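Trainee: Could you take me through one part of this model in detail? I'd like a close look at how the first chain is divided up, and then at where the two chains meet.

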Amino acid sequence: MSIHIQKVSKTFGSFQALQDISIDIESGELIALLGPSGSGKTTLLRILAGLEGLDEGAILFDGQNITNVSPKERKVGFVFQHYALFRHMTVFDNVAYGLKVRPRKTRPSKEEISKKVTDLLALVKLDNFADRYPSQLSGGQRQRVALARALAVEPKVLLLDEPFGALDAKVRKELRRWLRKLHNEFHVTSIFVTHDQEEALDVANRIIVMNNGQIEQVGTPEEVYEHPNSPFVYDFLGNVNLFRGRLHKGKLTQGQFEIDVPTYLDSYDDAVGYVRPHDIQIEKEPLNNETVAAKIVHIHMVGPIVQIELKREDVDEYLEAEIPKEHYRELNINNGDTVYIRPKQLRVFIPEDFSI
Amino acid sequence: MTKPLEVEQETSLKVGNVATKSYALQESALVKWSLITISLIFLALFLILPLVSIFVTALEKGWATYVASIADPDALAAIKLTLTVVLIVVPLNAIFGIVAAWAITKFSFKGKNVLITLIDLPFAVSPVIAGLVFILLFGAQGLFGEWLFQNDIKIVFALPGIVIATMFVTFPFVARELIPLMQMQGITEEEASISLGASGWKTFFFVTLPNIKWGLLYGLILCNARTIGEFGAVSVVSGHIRGMTNTMPLHIEILYNEYQFTAAFAVASLMSILAIITIIIKNIIEWKAKDV
């Protein structure tokens, strides 16, 4: 089912939770709502489910305005952050709940419900846990029960609020993979909220980055990671190094240090270049004005990527670089060495444009 | 990594709850035993001795007198009236208690804190004053007295007055018990139920009620105990009409004032038995609720 969010605004007292949000979501997409806490992502999700009202704007499901439709009629599967399982019901009864409470006319027979629940429990690999109570399950198992319960009503949209937030790293990774697989099988339009950029990049096929109740950027994981359109997105998605300087005639200069930025022809006294750690090149010898001297402070060497912390020698700023292990071996560098670094790719932002 | 940590926390919590065997708090045997002895003596003097004396005095003149004083028509009328009041007040307070607790915990609205404070009011006001308030409202010289008289409705010195006064005094028990419980449980289970397509009523019966049932029962037990025993407020509004508007506590007082000690204690023993049963049920509920 396609979803159209049209100019939605919401305030809580004097706090503007959402400001003029418009998003179009195609049927079958797997969307991540990514942002820091307080960015409005959970509020937006709850508005979609009808658990929260909106002040202005409209929500359309398949072109139909459902802004004033009650949550019980929206056919939305909602997975709560802390699962919200019914604590006095067994796993089986939890999953069966959405079918059991249907009005008599549309309610499936007992056998049908039982079969459906058994199938769903098999899908989430909890067949042997049907008679357990939520308190007897681990976090990951509860999460899967919550998913099965939401899927039981055959929702047209699946909404997940921080679905992996309360789980430990290993279970989280497993469930992430599992959610993507599930989505590939069912193709139900799914939106999940997360503050974890890695999770969003890993699972979603489109990411909506939110900040301060507004949308910062919408795009595929590659787009938002490789081509962030604002300093906020740059900063929020992955680590970033800042190079402050003067922008003039396609060059960003800071003292002796000069970076070629041929695409920026305007002049500004105060500009900031954003560089990802893996776009920092390390040389052993200086290269005209294009490199800047830095001292290696720390080398972190676990895994195939070596992380190197550096301190610039001209200004009191720290940098972070990531290079493949092979390259690191070729360079033959150690803690305390002075090296020369050069940004391979950078994006310039002018601060006042983004001072909010 | 997290899992073993959780287990550890749980066990240490349990140790803390079940038996405080903190090394730092260990005292010498002398201190320990003198504290235990003092509390036992206190209990014996102030609780067990009076309770035993009720039964001893009640049975002083033999079993036949005991049965006769309970089988007395006035006594039977008092017992009947008390039970009638219980049957009306307890269910009504259950409904009002749930409604008030629901309103306070599931919605946010202006004046919520005022409502919470008002619920406590009956605990703060002396029952005698509560009774007087209803006389001032519904008595012959009261605010609605004339209108009630013209329409031939009797509230004061009749069953309705007793019920209203008792309800006022016992209202906080259910609400007070449910509010913290429902606040702790939050509203996400209800939200989950609604988003799964359940109506408000189904959500209440299938999700909310099962979650609060032990707390509710506990509140009802306390409400019930107080309803049976309420003296002050009822004494003011009942008018002490023998065989008509005397509840058990009022009947006991009358018998006592007439120097019929055995009869007074016989009825009192009956009330004590009700109280003891109440405490036992209360403990069973507490024990059951802990399991859930």
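Mentor: Sure, let's start with chain A, keeping in mind that this is a predicted model. The domain assignment splits chain A in two: domain 1 covers 3-235 and domain 2 covers 239-354. Their C-alpha centres sit 40 Å apart. Where these domains touch, domain 1 of chain A puts in four residues and domain 2 of chain A puts in five. On the domain 1 side of that contact in chain A, you get two nonpolar residues, one polar and one charged.

Now zoom out to chain A as a whole. Its C-alpha trace spans about 80 × 45 × 35 Å along the principal axes. In terms of secondary structure, chain A has ten helices and 20 strands. Of its 356 residues, 39% count as buried. If you take the contacts in chain A between residues at least 6 apart in sequence, 64% of them link residues at least 24 apart.

On to the place where the chains meet. That contact draws 18 residues from chain A and 17 residues from chain B. Looking at the chain B side, α10 (188-195) and α11 (200-229) of chain B each supply at least two of the residues that touch chain A. The largest share of that side is from α10(B), with six residues. By class, the residues of chain B that touch chain A come out as eight nonpolar, six polar and three charged.

Technical notes:
Residues are numbered from 1 along each chain as its sequence is written. Chains are lettered from A and ligands numbered from 1 in the order in which they are written. This is a predicted model: local features need pLDDT of at least 70, side-chain atom pairs count only at pLDDT 80 or more; totals for chains, interfaces and linings use all residues. Two residues are in contact if their C-beta atoms, placed from the backbone, lie within 7 Å. Helices (H or I, at least four residues) and strands (E, at least two) are DSSP runs, numbered from the N terminus. Ala, Val, Leu, Ile, Met, Phe, Trp, Tyr, Cys and Pro count as nonpolar, Asp, Glu, Lys and Arg as charged, and the others, Gly among them, as polar. Domain bounds come from an automatic or database domain assignment. A residue is buried if 20 or more other C-beta atoms lie within 10 Å of its own, exposed if 12 or fewer, and partly exposed in between; C-beta atoms are placed from the backbone.
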